[in-house]
Amino acid sequence: MLIKIEEPLRAKLPDLILGGFVTDVKVAAANDQLQSLMDKEVEVLAAQYTPALIRELSPVKANKNAYRTLGKDPNRYRPAAESLLRRVAGGKGLYRINNVVDILNITSLKTGFSICGYNYDAIEGDVSMGIGEANEAYEGIGRGDLNIERLPVFRDALGAFGNPTSDSTRTMVSDVTSKFLMIVIGFDGKDAINDALDDTLHLLQKYAEGKEIERFFVE
């Protein structure tokens with residue numbers, strides 16, 4: 001699978017970097033250890049953050065500025081990391097989905113990166129990241145039809161399937177997923193992205209029988 005950034009998006013967001021990996025995983029409900037880890041992270045972050053502090057986190061701020069550059073209101077279509085952090089700061093905790101998605105959410109909360117996670121085998125052909133077009137939409141997870149115009153959007157041979165606000169039901173991670181594609185969206189170099197990938201891989205190895213197949217960066 002080739003992953004690339006389309007030139008119109010690259011021209012508007014020259015600092016955009018994608019980093020990610022493909023791993024084998026075994027999807028299941030989070031076990032007691034992982035649930036306990038999530039509870040501890042939520043407790044720490046709920047005491048640490050306010051909405052004002054969340055907005056100033058470097059990865060959150062960069063993602064919101066990217067939305068503005070593309071002409072999308074980042075307060076109406078919040079990047080996923082900001083939405084998760086605001087939920088935790090508001091005392092609402094985290095949704096519990098499955099071990100793989102829960103681990104992705106932990107990394108997103110700890111780093112402020114908006115992270116996209118997909119069922120690798122549900123993606124057809126190569127992947128490109130471009131700018132959402134007028135009247136382009138897909139069914140977002142838990143959101144119904146999502147207006148993706150002017151959002152940074154991942155597409156495959158079948159069309160759009162993901163963005164930093166909400167991914168699609170077509171490529172979501174579920175019980176049938178055995179190969180997981182994770183993509184971190186960053187604007188400040190590779191190092192922090194690579195650290196986030198390392199931390200996520202460690203948790204996937206511990207709680208989802210994760211085995212890294214390939215790691216990549218796209219600039």
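# Pockets, salt bridges and cores

N135 sits in the loop between β4 (127-131) and β5 (137-140). The model is predicted. Its largest pocket has a volume of about 810 Å³. The structure holds 13 salt bridges. Its largest nonpolar core has 37 residues.

**Loop residues with positive phi**

- Most residues other than glycine have a negative phi.
- N135 has a positive phi, near 65°, and is not a glycine.
- Is N135 buried or exposed? N135 is exposed, because its relative accessible area of 82% is over the 50% cut-off.
- E209 is another residue other than glycine with a positive phi, here near 55°.
- The loop that holds E209 runs between α7 (191-207) and β10 (211-218).
- E209 also counts as exposed, because its relative accessibility of 52% is over 50%.

**Largest pocket**

- The volume of the largest pocket is about 810 Å³.
- Its lining consists of 25 residues.
- Which residues lie nearest the centre of the largest pocket? They are L84, Y95, N105, I141 and T165.
- Two helices and a strand, α5 (80-89), α6 (99-111) and β3 (114-119), each supply at least two residues of the lining.
- By residue type, the lining of the largest pocket has 12 nonpolar, 8 polar and 5 charged members.

**Second largest pocket**

- The second largest pocket encloses about 150 Å³ of space.
- It is lined by 13 residues. S58, P59, F113, F187 and D188 are the closest to its centre.
- Two elements give two or more residues to this lining: α4 (58-70) and β9 (179-186).
- Which element gives the most to the lining of the second largest pocket? That is α4, with 4 residues.
- The lining of the second largest pocket splits into 6 nonpolar, 6 polar and 1 charged.

**Salt bridges**

- How many salt bridges does the structure hold? There are 13.
- R10 pairs with E7, with the closest N and O atoms 3.5 Å apart. Both residues belong to helix α1 (residues 7-12). They are 3 residues apart, about one turn of the helix.
- R10 is partly exposed, because its relative accessible area of 26% falls between the 20% and 50% cut-offs. E7 counts as exposed, because its relative accessibility of 54% is over 50%.
- K61 forms a salt bridge with E56, and their closest N and O atoms are 3.1 Å apart. K61 is partly exposed, because its relative accessible area is 38%, between 20% and 50%.
- E82 and K64 meet through their side chains in a salt bridge of 3.0 Å, N to O. This pair links distant parts of the chain, with E82 in helix α5 and K64 in helix α4. The two are 18 residues apart.
- Are E82 and K64 buried or exposed? Both are buried.
- E6, E136 and R155 are joined into one network by salt bridges that share partners.

**Nonpolar cores**

- In soluble globular proteins, nonpolar side chains tend to be buried together.
- The largest nonpolar core has 37 residues. V100, F180 and L204 have the most contacts inside this core.
- Six elements, β2 (17-24), α2, α5, α6, β9 and α7, each supply at least two residues of this core.
- Which element gives the largest share of this core? It is α7, with 7 residues.
- Leaving out residues up to four places away in sequence, V100 touches V25, V27, V173, F180, L204 and A208.
- Another core of 22 residues lies apart from it, and L16, I123, L181 and F187 are among its members.
- F187 thus appears twice in this briefing. It belongs to the core of 22 residues, and it is among the residues closest to the centre of the second largest pocket.

**Q33 and D102**

- Q33 is in helix α2 (residues 32-48).
- Q33 is exposed, because its relative accessible area of 51% is over 50%.
- How far apart are Q33 and D102 in sequence and in space? They are 69 residues apart in sequence and 12 Å apart in space, C-alpha to C-alpha.

Definitions and conventions:
Residues numbered from 1 in each chain as written. Predicted model: local features only at pLDDT ≥ 70, side-chain atom pairs only at ≥ 80, totals over all residues. Heavy atoms only, no water. 1 Å grid on protein atoms, 1.4 Å probe; cavity = no way out; pocket = protein on both sides within 12 Å on 5 of 7 lines; lining within 4 Å. Points joined across faces, edges and corners; volume = space filled by probe spheres on them. Nonpolar A, V, L, I, M, F, W, Y, C, P; charged D, E, K, R; others polar. Buried < 20%, exposed > 50% of the residue type's maximum accessible area, 1.4 Å probe, protein only. Salt bridge = Lys/Arg side-chain N within 4 Å of Asp/Glu carboxyl O. Core = buried A, V, L, I, M, F, W, Y, C linked by side-chain atoms within 4.5 Å. Contact = heavy atoms within 4.5 Å.
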